[in-house]
Each structure stands twice: as structure tokens, then as C-alpha cells.
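Work through the exercises below with the sequence and the model open beside you. Try each task before you read its solution.

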Amino acid sequence: MAVIVTVEVPGGTQEQYEESTALITGAEWWPPQGFIAHAAGPDGTGGWRIVDFWDSEDDFLAFVEKTRPLLDRSGMPSILPKVQEAVNVILK
């Protein structure tokens, strides 16, 4: 079952996001198993919002374990993602 993962990063900046994204997408294991799509941008309150689509929650959790050291290096704060079932994912 596909899932939608939403991450809210209060106070997160575009600079932090771009640095962490460069580290992740530059990793030898990129793209990770189960990854479908990713979008991110300002949340309108001074923070950052990230929305991902994954084949399963297990695939996402495996990705989190791989990215944890990279995110620590980029200064991104530790956050708790919201995971919910995706009834449908449509890509262009």
C-alpha cells in the first residue's frame, strides 16, 4: 500500500533543505527502494514542508535510517513525519 509522508520543519530554511537534499540525492544508494515522488516548499509560517510518496511505510522507514546521519550533518532538526495511506498517486 502506498503512503503519503508529510514532514513539517518549523523554522526550517530553504538553505537547510537544499543542503540536505544535495547530500541525499548524491548518496550512492539514491534513489532508495520504494521512493515514488517528492515535493517541498515554504509552509507559509516561516518553516518548511516536505511531502513524499512511498510504496510502503517500511520503505520510508528504511530511507529514514539511511538519511539520519546526512540530515544531522546538514543541521536539519529532528522531526516526526506524518504517514498516511495513499488511496491514489497519479504522476504526470
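The exercises that follow go from the sheet to the salt bridges, then to the core and a pair of serines.

This is a predicted model, in which local features need pLDDT of at least 70 and side-chain atom pairs count only at pLDDT 80 or more, while totals for chains, interfaces and linings use all residues. Residues are numbered from 1 along each chain as its sequence is written, and side-chain values use heavy atoms, with hydrogens and water left out.

**Exercise 1. The sheet**

Determine the order of the strands in the open sheet, and find its edge strands.

Solution. Begin with the terms: helices (H or I, at least four residues) and strands (E, at least two) are DSSP runs numbered from the N terminus, and two strands pair if DSSP finds at least two bridges between them. With these rules the open sheet has four strands in the order β2-β3-β1-β4, and their pairing is antiparallel. The edge strands, each of which pairs on one side only, are β2 (35–42) and β4 (82–85). From one strand to the next, the twist averages 15°.

Next, look at the pairing of β1 (residues 3–9) with β4, where four bridges join the two antiparallel strands. Within this pairing, T6 stands opposite K82 in β4.

Finally, add the helix: α2 (residues 57–74) packs on the sheet and touches β1, β3 (48–54) and β4, where contact means heavy atoms within 4.5 Å. The direction of α2 makes about 130° with that of β3; axes are lines fitted to C-alpha atoms, for helices over the stretch in contact, and angles run from 0 to 180 degrees between N-to-C directions.

**Exercise 2. The salt bridges**

Find the two salt bridges of the whole structure, and say how exposed the residues R49, E8, R68 and E65 are.

Solution. A salt bridge is a side-chain nitrogen of Lys or Arg within 4 Å of a carboxyl oxygen of Asp or Glu. One of them joins the side chains of R49 and E8, at 2.7 Å from N to O. Because R49 lies in strand β3 and E8 in strand β1, this pair ties together parts that are 41 residues apart in sequence.

The other joins R68 and E65, whose closest N and O atoms are 3.0 Å apart. These residues are three places apart in helix α2, so about one helical turn separates them.

For exposure, buried means under 20% relative accessible area, exposed over 50%, and partly exposed in between (1.4 Å probe, protein chains only). R49 is partly exposed at 33%, and E8 is partly exposed at 34%. R68, at 40%, counts as partly exposed, whereas E65, at 53%, counts as exposed.

**Exercise 3. The core and two serines**

Which residues have the most contacts inside the largest nonpolar core, and is S74 buried or exposed?

Solution. A nonpolar core is a set of buried Ala, Val, Leu, Ile, Met, Phe, Trp, Tyr and Cys residues joined through side-chain atoms within 4.5 Å. The largest one has 14 residues, and those with the most contacts inside it are V5, V9, I50 and W54. At least two residues of this core come from each of β1, α1 (14–25), β3 and α2, and the largest share, four residues, comes from β1.

Turning to the serines, S74 lies in helix α2 and is buried, with a relative accessible area of 7%. Not counting residues up to four places away in sequence, S74 touches Q16, E19, S20 and L23. S20 lies in helix α1 and, at 4%, also counts as buried.
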